[in-house]
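Student: I should like to work through this structure with you, one question at a time. May we begin once it is in view?

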Amino acid sequence: MALADAGAPAPPPGLEGPDPGRWRRRLTTAAFLAPAIVLLTVWIVYPTIRTIIRSLFGRDGSEWVGLGNYETLFTTDTLVTAIRNNAIWVAVVPALVAAIGMVFAVLTERISWKVAFRTAVFMPMAISMFAAGVIWHIMDEKDPERGAVNAAIGAIKDVFGSSGVLSRGQPSSDALTGSVRDGFVLRATVRPGDGALLGLTAIPPAEVPADAEQAVAPEPAAGEIVGVVWRDFRPGGGEPGVVEPGELGIPGATVELRDAAGEVVATTRTGADGGFAFADVADGGYRVAIGSKTFAAPFEGISWLGPDLITPSVMIAYIWVWAGFAMVVIAAGLSAIPRDVLEAARTDGATEWQVFRRVTVPLLAPVLSVVFVTMIINVLKVFDIVLSVAPGSSQDDANVIALAMWRTSFSGVNDFGLGSAIAVLLFVLVIPALALNIRRFKREES
Amino acid sequence: MAEVEFDRVSKVYEDGTRAVNDFRVEIADGEFLVLVGPSGCGKTTALRMVAGLEEITEGVVRIGDRIVNHVPSRDRDIAMVFQSYALYPHLSVRENIAFGLKVKRLPKDEIARRVERAARILDLEPFLDRKPRALSGGQRQRVAMGRAIVREPACFLMDEPLSNLDAKLRVQMRAEIARLQQELGVTTLYVTHDQVEAMTMGDRVAVMRKGELQQVAAPQELYDHPVNLFVAGFIGSPAMNLLEGRLERAGDGLAVRAGGQTLSLPAELTAARPALARYVDRTVIVGIRPEDLEDAAVAGDAPEGRRLGGVAQLREALGSELMVYLTVDAPAAVTAETDELAEDRGVQQLGADEPGTTVVGRFSPRSRVREGDRVEVVVDTSALHFFDPDTGLGIYDATNGGGPT
């Protein structure tokens, strides 16, 4: 007894019996927790549970279908496309965003316009995702007259491509027939010693080559076929099919000599006055034509928003938005790397690339993983930018899980059961990434 | 192994600051040269120019026969030890040490052999698989050394490698680095602001001030024949006492009158410093090392011309010796150099607002001096130093050229 007494001394006065302050303390605790608990329950817990239950019921919620919605989910083409597309998004986009962010962060580290450049790259983050999607939708239009991307590609093609001297033109008289695509052929058969007049109209004045000179009517010579390609038009009229003063030759036009079967036997190009000549032509009947090479095939634009390229197009828009985020986070990580560790690596004999590979990147690993995990979660949930970039006709091909959920639930189909099943799938897919994040936070705290 | 040479090297920053100006030093093959000076004197900048981490604005740096001005760091065949150690935090000790060998793509067994050897020399064998953050300061310092020695470079560059260690460890590592350098025989350039490190470690010591080289000499030479006031005040702890006095003729010889007191100069001193003759009846700055002062009660009788009178302000008993700070009735020497030295030590010049000057004496512990006592001090007048108050230069021979460099 004596021992027991020594081990458990009597509680000091005031702590004997029930603690009068205990309920008060519990009440305070509850009061502080209540707002959070209420909000979480109403906005998170209840909807989650309700969605899971709803996914087991049919379209209007009255019929129990068990896992039927999930079966539909994995057997419907557009939904399988959505899952497959989401997998591609997760595989491609986080890596690209991190890589591009890293390139920007490293390259802008030592430039004097660093702040301006980084602001510009970060700017898309300030735009709503939907608006960014609309911008890209307009830029990705197929018609180069409307879509900036195709206009830019067209401009580059014009600089480097071997396009012809003219983009369009029409025969000035019945003597010629054909089209820009096939070339224009003189109806009449031509023999050596003859001349050929190949008049064109409807040529925009700006397209007439700068070195063009007054057209000269050909002077036939024996054994040769000579001719002229000219702009058969002068202000105030003029007579079609006749070379008149003030009418310019078209230099650089391709002229073909075709035999009776229509095979091209010789080609030549016109001079500054539009004149051309085929020498030493064997006797016989020929046709003379302005080759289609004279006319540049106009660039018709790449179909960015078509079914084949729609997913890459949306990804480009998405990366454009998020690269700035990655850059800012990685730049912060870079500036936290002690300078002298990098200097130590340099004096240790490492090349700049080795310093980057063996020191900078490993030291950036925690930051890179933040970017990566954040982007995986974001990409799994990607929705609005797909909706705004992809036109209705391509949405089946651009489909992602979140978009599929919305389209199934709200956009005409109104199948809330299947929509809920898609939502649950998305929820399940996000869990591993979240768990990864939570584990990292815990590790950082410890 | 190679010599390192600074040939009229300057470093000018964009804003026009000259961090290093017309710097000229040759470091012999295998020599241990310590670059010392107060903070901001350009010593680290000079070191970083050899390392290739700082561009050279003017002049030429040679390592061996090679001008390295435009050679990138990695090709200079140097190894640097940083003040912060700059270990790679993501690599183990073994990988840290091996890093420089791996990037040079040495064969694996050669790397392993060299790392083992370095670990053995530095007692790092038990820690090879730890990460740097699991090491103590002294161990990290040794890893940094290990990383340098495995490279077997032409030259070691050390940037205040001991300044992050506690006092005891610093003394130990000081000896260790000096021993290591001697064993390996690698040319070493060592930067420090600690004059004790400079004195104990270097074959020669180069003192810098405001980007300018003041003097390069063996430690003892630097101590005995400082070329100017700055070097005299910087080298030695406690610092040399500096008084302002007037040189006068006294019979056959010379005497210096400082305030109300007179010290006569022995004949051998005047003979060793013939230039003193030109300063007769002019103001000079007199330097007295603390160890050249002794309590008259201990030292015994001394003639009038070797005594100073003062009042003890503070005594610090260190066991083997006794530091006594006393106020002497003599004006203190105040020049730009002494101001700068005081600033570097983080103290205001004492005695600026009271008559007399505080001087420090390193007395025998047998002295019974107490604070507030009036003390008679015997001065070893043969060890006095003299400086020109205008130029700050030491007064030595006729050419006034200062000590040998």
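Student: What percentage of the contacts in chain A with a separation of 6 or more come from residues 24 or more positions apart?

Tutor: This is a predicted model, in which local features need pLDDT of at least 70 and side-chain atom pairs count only at pLDDT 80 or more, while totals for chains, interfaces and linings use all residues. Residues are numbered from 1 along each chain as its sequence is written, and chains are lettered from A and ligands numbered from 1 in the order in which they are written. Two residues are in contact if their C-beta atoms, placed from the backbone, lie within 7 Å. For chain A, the share asked for is 71%.

Student: What is the radius of gyration of chain A, and why is the chain described as more spread out than a compact globule?

Tutor: Chain A holds 14 helices and 9 strands, where helices (H or I, at least four residues) and strands (E, at least two) are DSSP runs numbered from the N terminus. The radius of gyration is taken over C-alpha atoms, and the globule rule is 2.2 Å times the number of residues to the power 0.38. For 446 residues that rule gives 22 Å, and chain A is more spread out than a compact globule because its value is well over this, at 37 Å.

Student: Where in chain A is confidence lowest?

Tutor: pLDDT is the predictor's confidence in each residue, from 0 to 100. The mean for chain A is 86, and helix 2 (residues 22-54) of chain A has the highest confidence, at 94. Over residues 1-8 of chain A the pLDDT is below 50, and this stretch has 0 contacts in the model beyond near neighbours in sequence. Confidence is lowest, at a mean of 46, in helix 1 (residues 2-7) of chain A.

Student: Which helix gives the largest share of the side of chain A that touches chain B?

Tutor: In this interface, 15 residues of chain A are in contact with 18 residues of chain B. Helix 9 (339-347) and helix 10 (352-380) of chain A are the elements that give two or more residues to the chain A side. The largest share, 6 residues, comes from helix 9 of chain A.

Student: Is B:Gly245 buried or exposed?

Tutor: B:Gly245 lies in strand 11 (residues 241-250) of chain B. A residue is buried if 20 or more other C-beta atoms, placed from the backbone, lie within 10 Å of its own, exposed if 12 or fewer, and partly exposed in between. B:Gly245 has 23 C-beta neighbours inside 10 Å, and therefore counts as buried.
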